[in-house]
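Reader: Hey, got a minute to walk me through this one? I'd like the general layout, then a closer look at a few spots.

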Amino acid sequence: MKTIKLILAILLISFSAQAQVYSDEEIKTKETVDKFFGYVGAKNPEKIASMVSENVDWYIFESKYMPWTGHRSKREEISELFKTLFSYFVDGSEKLEAQSFLLRGNEVAVFGFVERTVKKNGKHFKMPLAIHITVENNLISKFSLYEETLIIEKVLK
């Protein structure tokens with residue numbers, strides 16, 4: 001048992017001692033995604049859209065209760081999407097907790113939780129989410145959001 005604990009301790013130390021080294025492409029990708037999420041946090045639909053390619057592959061699992069979901073392919077649709085999204089929830093009730101991310105080349109995967117309160121009925125929810133983003137020329141060219149749609153549908157009804 002002592003041997004196993006010692007091996008685990010050595011592995012943990014060696015993993016934590018290895019610094020993550022990012023390529024120039026990965027640094028630019030992370031900067032783009034950080035800027036995008038900064039605009040999302042500031043609730044600025046026009047600035048959010050400015051971070052998206054003119055032709056984008058944007059997808060949020062579609063729900064008839066959530067008009068901001070579904071496929072989008074043009075930058076101007078993204079601004080409207082966020083205006084609609086923000087109009088459904090109480091200002092200040094949003095919390096996005098990114099617990100971890102994976103960065104490889106021009107792609108980022110973000111894993112965490114989001115919570116919000118619905119304006120029309122005061123119901124609050126918290127749910128896990130995952131986001132996959134592709135960046136090209138410092139703009140988001142692909143965005144896919146995976147969330148617990150049923151949780152949101154229940155609080156919107």
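**Strands, a turn and a pocket**

Reader: What kind of model is this, before I start poking at it?
Author: This is a predicted model.

Reader: OK. How many helices and strands are in the chain?
Author: The chain has five helices and six strands. Going from the N terminus, the order is α-α-α-β-β-α-β-β-β-β-α.

Reader: And how do the strands line up in the sheet?
Author: The six strands make an open sheet, ordered S2-S1-S6-S5-S4-S3, with mixed pairing. At the edges sit strand S2 (70–74) and strand S3 (95–104), each of which pairs on one side only. From one strand to the next, the twist averages 15°.

Reader: Mixed, right. Which way do S1 and S6 run relative to each other, parallel or antiparallel?
Author: Strand S1 (residues 52–60) and strand S6 (residues 139–147) run parallel, and five bridges join them. Trp58 has Phe143 in S6 as its bridge partner, and Ile60 stands opposite Leu145 in S6.

Reader: What about S5 and S6, parallel or antiparallel?
Author: S5 and S6 pair in the antiparallel sense, over eight bridges. One facing pair there is Thr134 and Lys142, with Lys142 in S6.

Reader: How many residues sit between S5 and S6 in that hairpin?
Author: Two residues lie between the strands of the hairpin. Asn137 is in the loop between S5 and S6, and so is Asn138.

Reader: What's the phi of Asn137 like?
Author: Asn137 has a positive phi of about 55°, although it is not a glycine. Asn138 also isn't a glycine, and its phi is positive too, about 65°.

Reader: Are those two buried or exposed?
Author: Asn137 counts as exposed because its relative accessibility is 75%, and the cut-off for exposed is over 50%. Asn138, with a relative accessible area of 42%, is partly exposed.

Reader: Let's move into S6 itself. Is Ile140 buried or exposed?
Author: Ile140, whose place is in strand S6, has a relative accessible area of 0%, so it is buried.

Reader: Which residues does Ile140 touch?
Author: Not counting residues up to four places away in sequence, Ile140 touches Thr32, Phe36, Met51, Val52, Ser53, Val56, Ile133, Thr134 and Val135.

Reader: And how far is the C-alpha of Ile140 from that of Glu107?
Author: Those two C-alpha atoms, of Ile140 and Glu107, are separated by 9.6 Å, with their positions 33 residues apart along the chain.

Reader: Next along is Ser141. Buried or exposed?
Author: Buried, because the relative accessible area of Ser141 is 11% and the cut-off for buried is under 20%. Ser141 is also found in strand S6. Leaving aside neighbours within four places in sequence, Ser141 is in contact with Ser53, Asn55, Val56, Asp57, Thr134, Val135 and Glu136.

Reader: There's another serine, Ser144. Why does that one count as buried?
Author: Ser144 counts as buried because its relative accessibility is 6%. Ser144 is in strand S6, and apart from residues up to four places away in sequence, Ser144 touches Tyr59, Ala130, Ile131 and His132.

Reader: What share of the whole chain is buried?
Author: Of the 157 residues in the chain, 39% are buried. As for contacts between residues at least 6 apart in sequence, 51% join residues at least 24 apart.

Reader: Switching to helices. Where does H4 lie?
Author: Helix H4 (residues 75–87) lies across S1, S2, strand S4 (107–117) and S6, and runs at about 45° to S1. Helix H5 (residues 149–156) lies across strand S5 (124–136) and S6, running at about 130° to S5.

Reader: Now the bit I care about. How much space is in the largest pocket?
Author: The largest pocket holds about 410 Å³ of space. It is lined by 25 residues, and the closest to its centre are Val40, Leu85, Leu96, Val114 and Arg116.

Reader: Which elements give two or more residues to that lining?
Author: Those are helix H2 (24–41), S1, H4, S3, S4, S5 and S6.

Reader: And what's the lining made of, by class?
Author: The lining of the largest pocket has 18 nonpolar, two polar and five charged residues.

Conventions
Residues are numbered from 1 along each chain as its sequence is written. This is a predicted model: local features need pLDDT of at least 70, side-chain atom pairs count only at pLDDT 80 or more; totals for chains, interfaces and linings use all residues. Side-chain values use heavy atoms; hydrogens and water are left out. Two strands pair if DSSP finds at least two bridges between them. Helices (H or I, at least four residues) and strands (E, at least two) are DSSP runs, numbered from the N terminus. Axes are lines fitted to C-alpha atoms, for helices over the stretch in contact, and angles run from 0 to 180 degrees between N-to-C directions. Contact means heavy atoms within 4.5 Å. Buried means under 20% relative accessible area, exposed over 50%, partly exposed in between (1.4 Å probe, protein chains only). On a 1 Å grid over the protein atoms alone, a cavity is a set of points where a 1.4 Å probe fits but cannot get out, and a pocket is an open set with protein on both sides within 12 Å along at least five of seven lines; lining residues have an atom within 4 Å of a point. Grid points are joined across faces, edges and corners, and a volume is the space filled by probe spheres set on the points. Ala, Val, Leu, Ile, Met, Phe, Trp, Tyr, Cys and Pro count as nonpolar, Asp, Glu, Lys and Arg as charged, and the others, Gly among them, as polar.
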